[in-house]
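This report walks through a single protein chain, beginning with one side chain and its surroundings and moving outward to the packing of helices and the overall make-up of the chain.

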Amino acid sequence: MHFRSPSWTIRLEKEGLKGLMRLHRYLYDWVLHWSRTPYGSLALFLIAVAESSFFPIPPDVLLIALCLATPLRSFSFALICSIGSVLGGLIGYLIGFSFFELIAEPIINFYRYQNVYARISELYNRYNAWVVGIAGFTPIPYKIFTIAGGACKINLVVFTLASIISRSARFYLVSFLLWRFGSPIRNFIEKYLGWLSILFVFILVLSFILLRYLL
């Protein structure tokens, strides 16, 4: 027998979703406003740290705005963003490693990433920390990879190296496109960054395969 949910529970779910969307929009605007202040670089660093462990808005939002405002500093912003993201990834690893029930589990439940977390854990068990190398590029929230990495107790050295390579490549790619093409490329990056990242990973993996068989 199939039971329909009472109408009041459906309304609560809708209101909850609307509330989350409003919160997400508020945080997005809050992140973006730092590009119009003297503290843009510091905010970029702190948001990159936070996003890798618990914060919902990716640092790309602020990175894009700062690069457009000061094109000559695009690669400096990419460096700041990369360092912050790697440090945040290590915090996420620590949360998953030592504080899973206290901190990590509530984060996963809040964002409703239970299924994503389970799938990522399977990937870690099969491929170890090298999963992070791909995770750093993909649209999937990086925090889930870092927390799962700690919870699965994967190799910390490989985790760190993969984070450095993947996160740096992602943010430098964004900064290069903005430095080279300026404002016209902004909408393209915001719309297709996920696909660009996946394409970049594909080219990277293909290059490794070719080098392995050619050398």
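In this predicted model, Ser168 has a relative accessibility of 19% and therefore counts as buried, the cut-off for that class being under 20%. Ser168 is placed in helix 9, which spans residues 156-181. A polar atom of the Ser168 side chain lies 2.7 Å from the backbone oxygen of Ile164. When neighbours within four places in sequence are left aside, the residues in contact with Ser168 are Ser82 and Ser163.

A second residue, Glu105, sits in helix 5, which covers residues 100-111. With a relative accessibility of 34%, Glu105 counts as partly exposed, because its value falls between the 20% limit for buried residues and the 50% limit for exposed ones. Along the chain Glu105 and Ile95 are ten residues apart, and their C-alpha atoms are separated by 9.6 Å.

The two residues can be set side by side as follows.

| Residue | Helix | Relative accessibility | Class |
|---|---|---|---|
| Ser168 | helix 9 (residues 156-181) | 19% | buried |
| Glu105 | helix 5 (residues 100-111) | 34% | partly exposed |

Turning to helix packing, two packed helices are described by the angle between their axes and the distance between the axes. For helix 6 (residues 114-127) and helix 8 (residues 142-151), the axes come within 9 Å and cross at roughly 55°. That angle makes helix 6 oblique to helix 8, and the crossing of helix 6 and helix 8 is right-handed. On the side of helix 6, the contact is made by Val116, Tyr117, Ile120, Ser121 and Tyr124, while helix 8 contributes Ile144, Phe145, Thr146, Ala148, Gly149 and Ala151. Sorted by class, the residues in this contact of helix 6 with helix 8 comprise eight nonpolar and three polar ones, with no charged residues.

What does the chain consist of in terms of helices and strands? The protein chain has ten helices and zero strands, and, read from the N terminus on, its elements follow the order α-α-α-α-α-α-α-α-α-α. The protein chain has 215 residues, of which 40% count as buried, and Ser168 is one of the residues in that class. Among the contacts in the protein chain that join residues at least 6 apart in sequence, 75% are between residues at least 24 apart.

Technical notes:
Residues numbered from 1 in each chain as written. Predicted model: local features only at pLDDT ≥ 70, side-chain atom pairs only at ≥ 80, totals over all residues. Heavy atoms only, no water. Axes fitted to C-alpha atoms, helices over the stretch in contact; angles between N-to-C directions. Helix = DSSP H or I, 4+ residues; strand = E, 2+ residues; numbered from the N terminus. Parallel < 35°, antiparallel > 145°, perpendicular 65-115°, else oblique. Left-handed = near helix turned anticlockwise from the far one by under 90°. Contact = heavy atoms within 4.5 Å. Nonpolar A, V, L, I, M, F, W, Y, C, P; charged D, E, K, R; others polar. Buried < 20%, exposed > 50% of the residue type's maximum accessible area, 1.4 Å probe, protein only. Polar contact = N/O pair within 3.5 Å; in protein donor to acceptor, adjacent residues only side chain to side chain.
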